[in-house]
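This briefing is intended to be read alongside the sequence and the model. It proceeds from the overall fold to individual residues.

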Amino acid sequence: MTIYWFEDLATGIPDVDAQHQDLIAMINELDEAIATRQGISRLSQLTDGLILYARHHFATEERLMAESGYRYMAEHLKEHEQFGERVMAIAFESDAPENHPRAVSEFLHKWLIEHIGTVDKLMGECLAG
Ligand SMILES: [Fe+2]
């Protein structure tokens with residue numbers, strides 16, 4: 001299912017919103033590759049790219065939170081850490097059924113939308129002052 005960025009997901013931080021839109025586009029690209037049965041090497045390439053970009057994106061958010069002394073930073077970092085743990089499992093146990101590209105896509109849909117829609121939004125509201 002194609003996902004779309006919509007105004008309710010906006011954090012109001014231009015760099016963060018642009019990166020969220022890139023992440024959603026990358027998830028859609030992965031889904032398209034799954035639906036059109038592209039080879040496993042292409043799927044791994046897309047999954048790896050997405051995970052790398054997510055890490056770069058977390059670094060952006062974490063820098064902004066640190067710079068502004070964001071009071072819910074610890075809770076926010078915990079969610080980023082949990083994402084990192086799941087991603088390590090995907091990278092090192094790629095043969096496990098729960099790490100099949102389709103399962104990875106479902107995880108990314110759920111995680112990114114839920115994370116953007118809650119903790120990232122809260123961060124945007126607080127950083128806006
Ligand atoms: Fe975040």
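The points below cover the fold, one helix, the core and selected residues. The model is predicted. The protein consists of four helices and zero strands, in the order α-α-α-α from the N terminus.

**Overall dimensions and contacts**

- The radius of gyration of the protein is 15 Å, which agrees with the value near 14 Å that a compact globule of 129 residues would have.
- Along the principal axes, the C-alpha atoms occupy a box of roughly 45 × 30 × 20 Å.
- Of the contacts with a separation of 6 or more, 69% join residues that are 24 or more positions apart.
- Buried residues account for 19% of the 129 residues.

**Annotated domain**

- An unreviewed UniProt entry places the feature "domain: Hemerythrin-like" at residues 12-123.
- In the model, the span 12-123 is 84% helix and 0% strand.
- The C-alpha atoms at the two ends of residues 12-123 lie 10 Å apart.

**Helix α1**

- Helix α1 covers residues 14-35, a total of 22 residues.
- From its first C-alpha to its last, α1 reaches 32 Å, close to the 32 Å expected at 1.5 Å a residue.
- The buried residues in α1 are Val16, His20, Ile24, Ile27, Leu30 and Asp31.
- Viewed down the axis of α1, these buried residues fall within an arc of 115 degrees, so they line one face of the helix.
- The cover over the buried residues of α1 includes α2 (40-68) and α4 (101-127).
- Pro14 and Glu32, on the other side of α1, are exposed.

**Nonpolar core**

- The largest nonpolar core has 13 residues, of which Ile27, Leu30, Leu50, Ile51, Leu108 and Leu112 touch the most other members.
- Helices α1, α2, α3 and α4 are the elements that give two or more residues to this core.
- As a general matter, nonpolar side chains tend to be buried together in soluble globular proteins.
- Ile27 and Leu30 appear both among the buried residues of α1 and among the core residues that touch the most other members.

**Arg37 and the loop after α1**

- Arg37 is located in the loop between α1 and α2.
- What is the sign of phi at Arg37? Phi of Arg37 is positive, near 50 degrees, in a residue other than glycine.
- For context, most residues other than glycine have a negative phi.
- Arg37 counts as exposed because it has 8 C-beta neighbours inside 10 Å, and the cut-off for exposed is 12 or fewer.

**His80 in α3**

- His80 belongs to helix α3, which covers residues 73-92.
- Why does His80 count as partly exposed? His80 has 17 C-beta neighbours inside 10 Å, whereas a buried residue needs 20 or more and an exposed one has 12 or fewer.
- His80 and Ile116 are 36 residues apart in sequence, and their C-alpha atoms are 11 Å apart in space.

**Gly129 after α4**

- Gly129 lies in the segment after α4.
- With 5 C-beta neighbours inside 10 Å, Gly129 counts as exposed.
- Gly129 and Trp111 are 18 residues apart along the chain, and their C-alpha atoms are separated by 26 Å.

Methods. Residues numbered from 1 in each chain as written. Predicted model: local features only at pLDDT ≥ 70, side-chain atom pairs only at ≥ 80, totals over all residues. Expected span 1.5 Å × (residues − 1). Arc of directions from axis to C-beta. Contact = placed C-beta atoms within 7 Å. Core = buried A, V, L, I, M, F, W, Y, C linked by C-beta atoms within 7 Å. Rg over C-alpha atoms; globule rule 2.2 N^0.38 Å. UniProt positions renumbered as here; feature names shortened; annotations may be inferred.
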